[in-house]
Amino acid sequence: MQNFDYQRRTFITFGRGRENEVGSLVKFEGGRRVLLHYAPDALRKQDLLDRIKRSLDRAGLEVFELIGNDNQPTRDLVYHGIIYCRQEQIDFILAVGSNGVIDSAKAIGAGALYAGDFWDFFSGLREPVHSLPVGVIVTSTDTGAECSSVCMMTHFIEGVPRKFAKNSPTFLPRFAIINPELSLNMPARHTVLGAMDTLAFVLESYFTNTTNVQMTDELCEGVLRTIVNMLPRIIEDPNDYDARANLMLAGTLAQNGMCSLGRETDNAPHLLEGEISSHYDTAPALGLAVILPAWLSYCLHHNVMRMSQFAQRVFGVPVNFNDPVISAYKGIESLRVFLMRCNMPQNFADMGLQQVNIHNLVENLVLDYGPTIGTYVKLDANACESIYTMAYTYRHTTRTISF
């Protein structure tokens, strides 16, 4: 296990009706003039914003509003929020929604106290040091950003959306209110798409070259089993409170840094997928569902026993000690079966991409990230081309029905 430093200051308030306590939480953190930053999704939650405003009003706080979006924030939105915070002398930001609005709140909070251009943080010119305090009310099962020190941004370069990420403890929210009731009746497809990101984050921690990490191995495996067990329950019954509660907690644990303590992590699947969604305007979760099995297949022989361990502990595949490659392949196939149960695509054609310029995807990867990506297995241009080709050419015989 590697040396590590770990601290998470985010106070989690979990359970039914806890959003009604938000006023006292903001007041405890010293807030007086509050920017209520919410996504359109929050408007669809019956009486949610009214209840939040009443709670803030009872605490004697002034409220200002800024509507964000459900997707990753753009620079223009953040610039607007920074100017608004300075004009109205905002001293606390309350984000209500999912990853997109939480990330824009983080960027606005850091940018409001920075004399330069907040984009300096994402271009590597400066490190964020100070931020307006941020609180979060989670409204869906696809987050994890509420306890994460990572902030994601989208910026269009020559008409192509590119993703930028910055990791800093400055971005950690002061508190996160997680009420699974707020995600009830959320369309099953949206829930599945969000869970794919959680799944990918954990797999990127689990497949590591760091040895003697049994504790975090088991944590990763527990989160993965929770996703595998809870997601089909939610698809069958979108109002299953307990299943949504477990899935929301899995999302928090997947991105709060605990799964990666003391171990090397690998973000290659997200980088590989990022080129697909940027160039073909597809949902990132769909690309991850296609890329993950292809990436695991390419990396299988790097550490067959770890792949067999994944198969056994997550999907219950018996380990074939005479030929562990068989167990490893069964684990990857079990993942594919799970994804099919969730009506996720198995190849590019299932995503609606009949023709994909793999050479162009690889060229852009090399241009953006250098000659290799990844750490578990360092992937050069030829390796990336092989993974994209597997994702393109994989064939299956059955499909689940749409929901």
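The following legends describe close-up views of a predicted model.

**View 1. An open sheet of 6 strands with parallel pairing.** The strands are arranged in the order S1-S8-S5-S4-S2-S3. Strand S1 (11-14) and strand S3 (62-67) occupy the edges; each has a single partner strand, so one side of each is left without a neighbour in the sheet. From one strand to the next, the twist averages 20 degrees.

**View 2. The pairing of strand S5 with strand S8.** Strand S5 (residues 134-138) and strand S8 (residues 175-178) run parallel and are joined by 4 bridges. Within this pair, Val136 of S5 stands opposite Ala176 in S8.

**View 3. Helix H12 and its surroundings.** Helix H12 comprises 12 residues, 304-315, and reaches 16 Å from its first C-alpha to its last, close to the 16 Å expected at 1.5 Å a residue. Its buried residues are Val304, Arg306, Met307, Ser308, Gln309, Phe310, Ala311 and Val314. The cover over these buried residues includes helix H7 (188-206), helix H8 (214-236), helix H11 (284-299) and helix H13 (324-341). Gly316 follows H12 and has a positive phi, near 75 degrees.

**View 4. The largest nonpolar core, of 68 residues.** Met196, Leu379 and Tyr388 touch the most other members of this core. Helix H11 gives the most to the core, with 11 residues. Leaving aside neighbours within four places in sequence, Tyr388 is in contact with Leu272, Glu275, Ile276, Ile291, Phe348, Ile358, Leu361, Val362 and Leu365. Another core, of 33 residues, lies apart from the largest one and has Val101, Trp119, Phe121 and Val138 among its members. In soluble globular proteins, nonpolar side chains tend to be buried together.

Key. Residues are numbered from 1 along each chain as its sequence is written. This is a predicted model: local features need pLDDT of at least 70, side-chain atom pairs count only at pLDDT 80 or more; totals for chains, interfaces and linings use all residues. Side-chain values use heavy atoms; hydrogens and water are left out. Two strands pair if DSSP finds at least two bridges between them. Helices (H or I, at least four residues) and strands (E, at least two) are DSSP runs, numbered from the N terminus. Axes are lines fitted to C-alpha atoms, for helices over the stretch in contact, and angles run from 0 to 180 degrees between N-to-C directions. The expected span of a helix is 1.5 Å times one less than its number of residues. Buried means under 20% relative accessible area, exposed over 50%, partly exposed in between (1.4 Å probe, protein chains only). Contact means heavy atoms within 4.5 Å. A nonpolar core is a set of buried Ala, Val, Leu, Ile, Met, Phe, Trp, Tyr and Cys residues joined through side-chain atoms within 4.5 Å.
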